Amino acid sequence: MRRMPRAALWLPVLTLSALAVGLTTAQSQGAAPSGDPLAIKAGPPDALHGEALTGSCQGCHGPMGHSQQEDKPSLGGQVPSYTTLQLAAFRAKLRPSPVMQAIAAQLTDQDIVDLAAYYGQQTPRGPWEANPALSAKGQQFYNMGAVERNVTACVVCHGVDGRGNNELHIASITHQSPKYTLEVLHEFKSVPDYHIAYPNAMHIVTAQMTEDELSAVTAYLSSMGSSDMDKASK
Ligand code: HEC
Ligand code: HEC
């Protein structure tokens with residue numbers, strides 16, 4: 001039941017993040033507009049300080065951000081720009097999650113940047129188990145998309161290894177649990193179409209995908225690198 005409210009609130013997060021990206025890219029525009037609830041002002045990231053703060057995160061997100069619980073996302077290996085934005089969104093109460101909103105409320109801007117740096121330096125957790133046939137189908141879709149339906153291949157944005165891109169704010173998506181990944185894909189699919197390329201990228205991609213395709217890419221993402229087929233192609 002957590003899915004609908006989160007989907008409904010994805011828009012302000014996406015719009016503001018796109019704005020923030022636009023502003024940092026266009027240097028000439030100067031500082032973020034005042035009142036941007038997602039604005040972060042911090043010194044250089046200090047991963048050691050970030051690590052010192054993770055004592056309270058481990059119980060849910062696992063040591064080094066390697067989650068062992070299928071309803072908790074892994075944070076290890078996530079791109080810092082994505083982690084920073086999510087923590088800012090929880091703190092601004094723009095992304096729903098009573099637990100994370102309460103936790104993020106305790107964090108300063110510097111804490112957020114330092115936590116993001118620490119998790120960004122960790123390796124992603126190992127693969128979850130998946131049905132090999134389903135995963136192979138998902139791998140095909142990940143790399144090829146569906147040209148006839150205008151579905152861009154996931155690999156174009158998320159990369160061959162699924163590790164995303166920090167500068168472009170593209171999330172690392174390997175080795176999240178199948179449950180969590182499928183939920184997130186459904187959320188993207190169910191937000192309305194705003195007809196803007198960047199923040200709406202994931203909606204545009206998932207809108208054209210069938211349930212079978214969503215299940216297949218989910219199986220592939222959560223178990224990436226673990227199938228023989230994958231090893232053979234490395
Ligand atoms: C009591 C359990 C719990 C604790 C403790 C906790 N989290 Fe979370 N965290 C969650 C859950 C559950 C979610 C998924 C929220 C959702 O999407 O509804 C989450 C989501 C996140 C996300 C978003 C990840 C993504 O891929 O979008 C980040 C970042 C995060 N937590 C960071 C932290 C940090 C940093 C700490 C410690 C300071 C922490 N969490 C402590 C339960 C917890
Ligand atoms: C045009 C670029 C683009 C393409 C193509 C793309 N993505 Fe994404 N994806 C993004 C961006 C940007 C984000 C971060 C969105 C956000 O939450 O702000 C993202 C986020 C995600 C997330 C959420 C990560 C998390 O921790 O919450 C998943 C899962 C995902 N993508 C899977 C896929 C899959 C599967 C495909 C192919 C079917 C795909 N993406 C194709 C750009 C893309």
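This section describes two iron sites, the surroundings of ligand 2 and several individual residues in a predicted model.

The iron atom of ligand 1 is coordinated by two side chains of the protein, with H61 contributing its NE2 atom and M100 its SD atom, at 2.0 to 2.2 Å. Six donor atoms surround this iron atom, and the angles among them run from 86 to 178 degrees, so that the site is octahedral under the criterion that opposite donors be over 155 degrees apart and all others between 65 and 115. The two protein residues belong to distant parts of the chain: H61 is in helix α4, while M100 is in helix α6, which comprises residues 98-104, and 39 residues separate the pair. H61 and M100 are both buried.

The iron atom of ligand 2 is held by H158 through NE2 and by M202 through SD, at 2.0 to 2.1 Å. Around this iron atom the six donor atoms subtend angles of 86 to 179 degrees, and the arrangement is therefore octahedral. Here, too, distant parts of the chain are linked, since H158 lies in helix α9 (residues 154-158) and M202 in helix α11 (residues 201-207), 44 residues apart. For six octahedral donors, the ideal angles at a metal are 90 or 180 degrees. The two protein residues at the iron atom of ligand 2 can also be described by their accessibility. H158 has a relative accessibility of 10% and therefore counts as buried, the limit being under 20%. M202, with a relative accessible area of 21%, is partly exposed.

The environment of ligand 2 extends beyond the two residues that coordinate its iron atom. A total of 23 residues are found around ligand 2, and those that come nearest are Y82, C154, C157, H158 and M202. Several helices contribute to this shell: α2 (10-25), α9, α10, α11 and α12 (211-223) are the elements that give two or more residues. In composition, the shell around ligand 2 consists of 20 nonpolar residues and three polar ones, with no charged residue. Two polar approaches to ligand 2 may be noted. A polar side-chain atom of Y82 is placed 2.7 Å from an oxygen atom of the ligand. In the side chain of H158, an N or O atom is 2.8 Å from a nitrogen atom of ligand 2.

The cysteines were examined next. The structure contains zero disulfides. C57 is buried, as its relative accessible area is 15%. C60, by contrast, is partly exposed, with a relative accessible area of 32%.

Three residues of one loop were then considered. M64 is located in the loop between α4 (58-61) and α5 (80-91). The phi angle of M64 is positive, at about 60 degrees, although this residue is not a glycine. A relative accessible area of 41% makes M64 partly exposed. Q69 has its place in the loop between α4 and α5 and is likewise partly exposed, at 29% relative accessibility. Although Q69 and K179 are 110 residues apart in sequence, their C-alpha atoms are 9.9 Å apart in space. S74 is also in the loop between α4 and α5. With a relative accessible area of 7%, S74 is buried. The side chain of S74 reaches the backbone nitrogen of S67, at a distance of 3.0 Å.

A positive phi angle of about 60 degrees is also found at H175, again a residue that is not a glycine. H175 is situated in the loop between α9 and α10 (178-190). The relative accessible area of H175 is 10%, and this residue is therefore buried.

The final residue considered is Q121, which is in helix α7 (residues 109-121). Q121 is exposed, because its relative accessible area of 58% exceeds the limit of 50%. The C-alpha atoms of Q121 and G77 are separated by 6.1 Å, whereas the two residues are 44 residues apart along the chain.

Terms used:
Residues numbered from 1 in each chain as written. Chains lettered and ligands numbered in written order. Predicted model: local features only at pLDDT ≥ 70, side-chain atom pairs only at ≥ 80, totals over all residues. Heavy atoms only, no water. Donors = N, O, S within 2.8 Å, 3.2 Å for Na, K, Ca; no water. Tetrahedral: all angles 85-135°; square planar, octahedral: opposite > 155°, others 65-115°. Helix = DSSP H or I, 4+ residues; strand = E, 2+ residues; numbered from the N terminus. Buried < 20%, exposed > 50% of the residue type's maximum accessible area, 1.4 Å probe, protein only. Disulfide = S-S within 2.5 Å. Near = heavy atom within 4 Å. Polar contact = N/O pair within 3.5 Å; in protein donor to acceptor, adjacent residues only side chain to side chain. Nonpolar A, V, L, I, M, F, W, Y, C, P; charged D, E, K, R; others polar.
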